[in-house]
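The following exercises concern a single protein model. Each task is followed by a solution that proceeds step by step.

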Amino acid sequence: GDTIEYSVPFSFRLEKLPGSERSYALMYGPMVLVADLGDENVNDIQTRHITWGTAYTGPLTDNIVLADELDKCTEVSCDEDGNITVILSTKNQGELTFVPFNQIFHSRYGMYFEYYDTVEESNAQYLVK
């Protein structure tokens, strides 16, 4: 008849990549979120074991300028199967779709991004790379 109750706060935060100056993962409570980069030209492991497919060549860069404070530029939705989707509004890349890391399969994803305060700062850093 014993019960255990616990509370997990589900708020957004950026978790810094150790050893990096600007790279962060987006967290929602205890979950790490990843940007869904799609599955174009990704070979399923069951289909071909020699290569995973071609490199990502889409429009998403690793530089993000948030549209507002983190809690104000994120929108969470949950489907009937319990899958969570987070839309992150940015100034430089529009709306990005993030999902919990454990929900993405057979697709490319981005976990760590560099966060900047202004689009100009982001563009300047991107050109240096």
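**Exercise 1. The hairpins around strand S6**

S6 and S7 form a hairpin in which five residues lie between the two strands, and Gly94 in the turn has a positive phi of about 75°. The model is a predicted one, in which local features need pLDDT of at least 70, side-chain atom pairs count only at pLDDT 80 or more, and totals for chains, interfaces and linings use all residues. Residues are numbered from 1 along each chain as its sequence is written, and side-chain values use heavy atoms, with hydrogens and water left out.

Task: Determine how S6 pairs with S5 and with S7, and which residues stand opposite each other.

Solution.
Step 1. Strands (E, at least two residues) and helices (H or I, at least four) are DSSP runs, numbered from the N terminus. Two strands pair if DSSP finds at least two bridges between them.
Step 2. S6 and S7 run antiparallel and are joined by four bridges. Within this pairing, Leu88 stands opposite Leu96 in S7.
Step 3. Strand S5 (residues 74–78) pairs with S6, also in the antiparallel sense, over five bridges. Opposite Leu88 in S6 stands Thr74, and opposite Ile84 in S6 stands Cys78.
Step 4. S5 and S6 likewise form a hairpin with five residues between them. Gly82, in the turn, has a positive phi of about 90°.

**Exercise 2. From strand faces to the core**

Task: State which side chains of S6 are buried, and identify the elements that give two or more residues to the largest nonpolar core.

Solution.
Step 1. Buried means under 20% relative accessible area, exposed over 50%, and partly exposed in between (1.4 Å probe, protein chains only).
Step 2. In a regular strand the side chains alternate between the two faces of the sheet. In S6, Ile84, Val86 and Leu88 point to one face and are buried, whereas Thr85, Ile87 and Ser89 point to the other and are not.
Step 3. A nonpolar core is a set of buried Ala, Val, Leu, Ile, Met, Phe, Trp, Tyr and Cys residues joined through side-chain atoms within 4.5 Å. The largest such core has 17 residues, and Leu26, Leu88 and Phe98 have the most contacts inside it.
Step 4. Two or more residues come from each of S2 (23–28), S3 (31–38), S6 (84–89), S7 (95–100) and S9 (112–116). S6 gives the most, with three residues.
Step 5. Contact means heavy atoms within 4.5 Å. Leaving aside neighbours within four places in sequence, the contacts of Leu88 include Leu26, Ile64, Leu66, Leu70, Phe98 and Tyr115.

**Exercise 3. Salt bridges**

Task: How many salt bridges does the structure hold, and which of the pairs links distant parts of the chain?

Solution.
Step 1. A salt bridge is a side-chain nitrogen of Lys or Arg within 4 Å of a carboxyl oxygen of Asp or Glu. The structure holds three.
Step 2. Arg13 and Glu15 meet through their side chains at 3.4 Å, N to O. Both count as partly exposed because their relative accessibilities are 35% for Arg13 and 38% for Glu15.
Step 3. Glu69 forms a salt bridge with Lys72, the closest N and O atoms being 4.0 Å apart. Glu69 is exposed at 52%, and Lys72 is exposed at 59%.
Step 4. Arg22 forms a salt bridge with Glu121, with the closest N and O atoms 3.6 Å apart. This pair links distant parts of the chain: Arg22 lies in the loop between S1 and S2, and Glu121 lies in helix H1 (residues 119–128), 99 residues away. Arg22 is partly exposed at 27%, as is Glu121 at 28%.

**Exercise 4. The whole chain**

Task: What pattern do the elements follow along the sequence, and what share of the residues is buried?

Solution.
Step 1. The protein has one helix and nine strands, in the pattern β-β-β-β-β-β-β-β-β-α.
Step 2. Of the 129 residues, 29% are buried.
Step 3. Among contacts between residues at least 6 apart in sequence, 57% join residues at least 24 apart.
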